Amino acid sequence: MGSLKIENIRKSFGHVDVLKGINLEVKDGEFVIFVGPSGCGKSTLLRVIAGLEDATSGDILIDGKKVNNTPPAKRGIAMVFQTYALYPHLSVRDNMGLGLKQAGKPAEEIKERTRIASAMLSLDDYLERRPAELSGGQRQRVAIGRAIVREPQLFLFDEPLSNLDAALRVNTRLEIARLHRQLKATMIYVTHDQVEAMTLADKIVVLNQGRIEQVGSPMELYNSPQTIFVAGFIGSPQ
Ligand code: ADP
Ligand code: MG
């Protein structure tokens, strides 16, 4: 289970209105991409969904249940950031298991879930290393592994590939697509990259200045952009 409903979400920082009434439904198991220019509110929207940021108004529902007052750790969500956000002093194994440890899971269960996640991500040989001893691509896989071990119903990715070089971006993108098929979890994924959006998404949400411009499948947006903005962003030339 991992359906999401966003109802009229607004978010202001002081006098700046960053999200101006966002409505969106994401079905269980869907892969949804958020695209839009820098500063349009993509990260803020992910943070509101995750509960890392309170909305100014509006509701977030997960599997039909309002979670506005549910703390992030209890929402069944895991977030993967552009910057990996790993602890430098902890091994790969401990980085992946830390959230479970904090949640009070028994050591055996942490070990088993870490084993499964590291096998999925080809990290078995790196479990005792520190992040500084890994490549950028491996670090991002650890960050994804740390999300997987929590067995979330909903994954949020905020530009997870933008610090990787071109070849690694392709590999990691394919890996994320494979994980989506394997885990059957709902994934919401922010990117600047049109190829990522077109190849990964069941549904693309185009954001502009705190509003949704258009929602549709990659082909719908490509073939029938409703605005010049959408056409410029992902549609065919008009
Ligand atoms: P995006 O991820 O689409 O690039 P963000 O969601 O990061 O955009 O930011 C949207 C706008 O909100 C930007 O103008 C940014 O400066 C502003 N903003 C984001 N977080 C904060 C914050 N904690 N305090 C004040 N302004 C913020
Ligand atoms: Mg951002």
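**Exercise 1. Locate Gln209 and describe its backbone and its surroundings.**

Solution. Step 1: Gln209 sits in the loop between strand 9 and strand 10 (211-216); helices (H or I, at least four residues) and strands (E, at least two) are DSSP runs, numbered from the N terminus. The model is a predicted one, in which local features need pLDDT of at least 70 and side-chain atom pairs count only at pLDDT 80 or more, whereas totals for chains, interfaces and linings use all residues. Residues are numbered from 1 along each chain as its sequence is written, and chains are lettered from A and ligands numbered from 1 in the order in which they are written.

Step 2: Gln209 is not a glycine, yet its phi is positive, at about 50 degrees. Most residues other than glycine have a negative phi.

Step 3: A residue is buried if 20 or more other C-beta atoms lie within 10 Å of its own, exposed if 12 or fewer, and partly exposed in between, with C-beta atoms placed from the backbone. Gln209 has 15 other C-beta atoms within 10 Å and is therefore partly exposed.

**Exercise 2. State where Asn8 lies and what its phi is.**

Solution. Step 1: Asn8 belongs to strand 1. Step 2: Its phi is near 50 degrees, a positive value in a residue other than glycine. Step 3: Asn8 has 13 C-beta neighbours inside 10 Å, so it counts as partly exposed.

**Exercise 3. Trace the pairing of strand 4 with strand 1 and with strand 5.**

Solution. Step 1: Two strands pair if DSSP finds at least two bridges between them. Strand 1 (residues 4-13) and strand 4 (residues 57-62) run antiparallel and are joined by five bridges. Glu7 has Asp59 in strand 4 as its bridge partner.

Step 2: Strand 4 is also joined to strand 5 (residues 65-66), again antiparallel, by two bridges. Here Ile62 is partnered by Lys65 in strand 5.

Step 3: Strand 4 and strand 5 form a hairpin with two residues between them, and Asp63 in the turn has a positive phi of about 50 degrees.

**Exercise 4. Determine which residues of strand 3 are buried and which strands pair with strand 3.**

Solution. Step 1: Strand 3 (residues 31-35) is mostly covered, five of its five residues being buried. Phe31, Ile33 and Val35 are on one side, and Val32 and Phe34 are on the other.

Step 2: Strand 3 runs parallel to strand 8 (residues 186-190), with four bridges between them. Strand 3 also pairs in the parallel sense with strand 9 (residues 203-208), over four bridges.

Step 3: Val32 stands opposite Ile188 in strand 8, and its bridge partner in strand 9 is Lys203.

Step 4: Lys203 can also be set against Lys184, which is 19 residues away in sequence and 16 Å away in space, C-alpha to C-alpha. Lys184 lies in the loop between helix 5 (166-183) and strand 8. With 11 C-beta neighbours inside 10 Å, Lys184 counts as exposed.

**Exercise 5. List the residues around ligand 1 and relate them to helix 1.**

Solution. Step 1: A residue is near a molecule if its C-beta atom, placed from the backbone, lies within 6 Å of it. The residues around ligand 1 are Phe13, Val18, Gly36, Ser38, Gly39, Cys40, Gly41, Lys42, Ser43 and Thr44.

Step 2: Helix 1 supplies the largest share of this shell, three residues.

Step 3: By type, the shell comprises three nonpolar, six polar and one charged residue. Ala, Val, Leu, Ile, Met, Phe, Trp, Tyr, Cys and Pro count as nonpolar, Asp, Glu, Lys and Arg as charged, and the others, Gly among them, as polar.

Step 4: Helix 1 (residues 42-50) is mostly covered, with seven of its nine residues buried. The buried residues are Lys42, Ser43, Thr44, Leu45, Leu46, Val48 and Ile49. Just after helix 1, Gly51 takes a positive phi of about 90 degrees.

**Exercise 6. Describe the chain as a whole, beginning with its secondary structure.**

Solution. Step 1: The chain has eight helices and 10 strands. Its radius of gyration, taken over C-alpha atoms, is 18 Å, close to the 18 Å that the globule rule gives for 238 residues, so the chain is as compact as a globular protein of that length. The globule rule is 2.2 Å times the number of residues to the power 0.38.

Step 2: Of the 238 residues, 40% count as buried.
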